[in-house]
Amino acid sequence: MDASGAQEYDRMQDLKDFDKTEAGVKGLVDSGLQKIPKIFVRPAEELAEDLKHKRAQIEVPVIDLGGLEKADRRKQIVEEVRTASETWGFFQVVNYGISLNVLDEMLDGIQKFNEQGDEEKKKYYTRDNRRRVRFNSNYDLFASRTASWRDTLNISFSDTDQNDSEELPALCRKSTVEYSKHVVELGNILFGLLSEALGLKPEHLGNMDCSKGHRLTCHYYPACPEPELTLGTAKHSDPGFLTILLQNQINGLQIFFQNQWIDVQPIRGALVINIGDLLQLVSNGKFRSNKHRVVANRLGPRISVACFFSGPIIMDKVFYGPIEELISEENPAIYKEVLLSDYVMKFIAAGLDDNFLVNYFKV
């Protein structure tokens, strides 16, 4: 107790107690609570800051990838990708060649995994980043200022041969393997378009191993009894090269654009694409990695699957810096070269709400 006799709040103990349950946020919801625990409540000054920002009804660009094989249409699509990547850092894509069935089964598999009994989920609960399949609540639970209202299943694919793995949870194994194959193909198409949008040959970013290996981060956001006090995911930018996001039809994703929060309205069958910090770095600031977050919601569950392309992170001595062809006397390098393994460790060590990594590497 303090001098006034009031009970001191032991945040670290509360975090440890929550983590020890291995039941995540869904476990809290299943217990019937009506008020969220203090570890999830955002600081008063942060809540007040939110009130200063306007909420605008602007729509994120939607790019139709249909007709990509036709030269004139491809040129038009490359221009749309360039404009969106330079201004928003975000866009949605439609007509990209993955069936609704594959998307729906991926989301359904993640819902089934999270809504099965705790004992089966606990087999995958870990904070060991070396594990290929990891289930937990808030990877940065002990580093962030506030815990976020979500549980997460992470599955790493360091190479394409891992697609047939028995390590994946049974309830989402088949759908995850199928979706993974398709999303990698789409990733390669997008890296080709982004290369051209930078004035480079279509294979340039692919030859830099930007699409080598990927991770599926599958978030489950339960309904929240006090959504105005917490977040589903704190404000951040993505550390890798590119993110492809699949989401169900429950709102939540917001982008910080022109000093206001913009809702990314879910479009049935669309995928959300965003530029990551590493792509901002190698493009020498031409493309923009934008801050975004997920708000909590009284409706749920919101389910999303983010595919992160972050390069060959398991390889030693891989460096990335601004692409030579984009550097000149008029456009000098504004970022330093980074060692990928150091870069990844810096991301893991910090809380998500502290991660705007590209700022650390300015010249």
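**View 1. Strands E1 and E10 run side by side.** In this predicted model, E1 and E10 pair in the parallel sense, with three bridges between them. Look for Ala 56, which stands opposite Ile 262 in E10. As a reminder, strands in a sheet pair through backbone hydrogen bonds, and they can do so either parallel or antiparallel.

**View 2. Zoom out a little to find the open sheet.** Five strands make up this open sheet, and their order is E1-E10-E9-E12-E7. The pairing is mixed. Which strands sit at the edges? They are strand E1 (54-56) and strand E7 (231-236), and each of them pairs on one side only. Going from one strand to the next, the twist averages 30°.

**View 3. E9 and E10 form a hairpin.** Strand E9 (residues 253-257) and strand E10 (residues 260-263) run antiparallel, joined by four bridges. Two of the residue pairings are easy to pick out here. Ile 255 stands opposite Ile 262 in E10, while the bridge partner of Phe 256 in E10 is Trp 261. The hairpin has two residues between its strands. One residue to spot in the turn is Gln 258, whose phi is positive at about 55° even though Gln 258 is not a glycine. Is Gln 258 buried or exposed? With a relative accessible area of 55%, Gln 258 is exposed, because the cut-off for exposed is over 50%.

**View 4. The side chains of E10 point two ways.** Gln 260 and Ile 262 point one way from E10. Trp 261 and Asp 263 point the other way. Whichever way they point, all four of these residues are buried.

**View 5. Asn 95 sits in a loop with a positive phi.** Here's another residue that isn't a glycine but has a positive phi: for Asn 95 the angle is about 55°. You'll find Asn 95 in the loop between strand E3 (90-94) and helix H5 (100-115). Its relative accessible area is 54%, so Asn 95 counts as exposed.

**View 6. A cis peptide bond joins Gly 300 and Pro 301.** What is the omega angle of this bond? It is about 5°. Follow the chain and you'll see that Pro 301 belongs to the loop between strand E12 (292-295) and E13.

**View 7. Arg 127 and Asp 19 bring distant parts of the chain together.** These two residues form a salt bridge, and their closest N and O atoms are 2.9 Å apart. The partners are 108 residues apart along the chain. Arg 127 lies in the loop between helix H6 (118-122) and strand E4 (133-136), and Asp 19 lies in helix H1 (residues 11-21). Asp 19 is buried, with a relative accessible area of 15%, whereas Arg 127 is partly exposed at 27%. If you feel like hunting for more, a search of the whole structure finds 21 salt bridges.

**View 8. Arg 82 and Glu 86 meet within one helix.** Both residues lie in helix H4 (residues 71-87). They are four residues apart, which is about one turn of the helix. Their side chains meet in a salt bridge of 2.8 Å, N to O. Arg 82 is partly exposed at 23% relative accessible area, and Glu 86 is partly exposed at 26%. Elsewhere, salt bridges that share partners join Arg 42, Glu 46, Asp 50 and Arg 293 into one network.

**View 9. Glu 46 and Arg 42 meet in a salt bridge.** The N to O distance for this pair is 2.7 Å. Arg 42 is buried, with 7% relative accessibility, but Glu 46 is partly exposed at 25%.

**View 10. Three nonpolar residues make a patch on the surface.** The patch is formed by Ile 313, Ile 314 and Met 315. Together they have about 290 Å² of accessible area. Ile 314 is in the loop between strand E13 (302-309) and strand E14 (319-320). Why does Ile 314 count as exposed? Its relative accessibility is 65%, and anything over 50% counts as exposed.

**View 11. An annotated domain covers residues 212-312.** The unreviewed UniProt entry labels this span "domain: Fe2OG dioxygenase". In the model, the span is 6% helix and 46% strand. Its end C-alpha atoms lie 5 Å apart.

Terms used. Residues numbered from 1 in each chain as written. Predicted model: local features only at pLDDT ≥ 70, side-chain atom pairs only at ≥ 80, totals over all residues. Heavy atoms only, no water. Patch = residues over 30% accessible without salt bridge, like charges linked within 9 Å, V, L, I, M, F, W, Y side chains within 5 Å. Areas by Shrake-Rupley, 256 points an atom, 1.4 Å probe, with all protein chains shown as cover. Salt bridge = Lys/Arg side-chain N within 4 Å of Asp/Glu carboxyl O. Buried < 20%, exposed > 50% of the residue type's maximum accessible area, 1.4 Å probe, protein only. UniProt positions renumbered as here; feature names shortened; annotations may be inferred. Pairing = 2+ DSSP bridges. Axes fitted to C-alpha atoms, helices over the stretch in contact; angles between N-to-C directions.
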